[in-house]
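Visitor: I'd like to learn how to read a model like this one. Can you walk me through it?

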Amino acid sequence: MKLFVIDGDAVSEFAGEPGERLLDACQRAGLPLEGTCGGDMACATCHVVVRAGDFDRLPPASEEEEDMLDLVPNARRTSRLACQIVLTPALEELGLSLPTA
């Protein structure tokens with residue numbers, strides 16, 4: 001499935017597989033997401049900002065994910081942890097950006 005990372009005016013396509021975590025697809029594509037905790041929601045090193053028009057296609061964040069995002073200094077309304085997003089066909093062409101420090 002097609003996914004997009006947006007960096008300013010530049011848009012790059014990368015691939016994901018249904019059933020895998022967005023974090024794994026991003027790492028395979030060489031995007032600089034650490035995922036230090038391995039997806040255990042003990043860090044926020046896989047913080048992404050989902051394109052506003054795509055945000056409502058995601059399942060809601062859990063309370064634990066919301067709590068972790070509260071610790072992220074540059075979190076936005078459409079911030080999510082990539083380790084908590086499981087790709088499905090409904091997320092085809094999902095767009096995201098990587099927050100800057």
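Guide: Happy to; keep in mind that this is a predicted model. Let's begin with charge: the protein chain carries 8 positive and 18 negative charges, and their mean positions lie 5 Å apart.

Visitor: What secondary structure does the protein chain have, and in which order do the elements run?

Guide: You'll find three helices and five strands. Starting at the N terminus, the order is β-β-α-β-α-α-β-β.

Visitor: How does the radius of gyration sit against that of a compact globule?

Guide: The idea is to compare with what the chain length suggests. For 101 residues a compact globule would come out near 13 Å, and the protein chain has 12 Å, so the two agree. Along the principal axes, the C-alpha atoms fill a box of roughly 30 × 30 × 25 Å.

Visitor: What share of the residues is buried?

Guide: It's 44% of the 101 residues. As for the surface, the protein chain exposes about 5500 Å², with carbon and sulfur atoms supplying 51% of that.

Visitor: How much of the contact count comes from residues 24 or more positions apart?

Guide: Taking contacts with a separation of 6 or more, such pairs account for 63%.

Visitor: And how many disulfides are there?

Guide: The general idea first: a disulfide is a covalent bond between the sulfur atoms of two cysteines. Here the count is zero. The cysteine sulfur nearest to that of Cys37 belongs to Cys43, 3.6 Å away, and the cut-off is 2.5 Å, so the pair doesn't qualify.

Visitor: Are Cys37 and Cys43 buried or exposed?

Guide: Cys37 is buried at 18% relative accessible area, and Cys43 counts as buried at 15%.

Note on methods
Residues are numbered from 1 along each chain as its sequence is written. This is a predicted model: local features need pLDDT of at least 70, side-chain atom pairs count only at pLDDT 80 or more; totals for chains, interfaces and linings use all residues. Side-chain values use heavy atoms; hydrogens and water are left out. Helices (H or I, at least four residues) and strands (E, at least two) are DSSP runs, numbered from the N terminus. The radius of gyration is taken over C-alpha atoms; the globule rule is 2.2 Å times the number of residues to the power 0.38. Buried means under 20% relative accessible area, exposed over 50%, partly exposed in between (1.4 Å probe, protein chains only). Contact means heavy atoms within 4.5 Å. Accessible areas come from the Shrake-Rupley method with a 1.4 Å probe; for residues, only the protein chains shown count as cover. Lys and Arg count as positive and Asp and Glu as negative; His and the chain ends are not counted. The place of a charge is taken as NZ of Lys, CZ of Arg, CG of Asp or CD of Glu.
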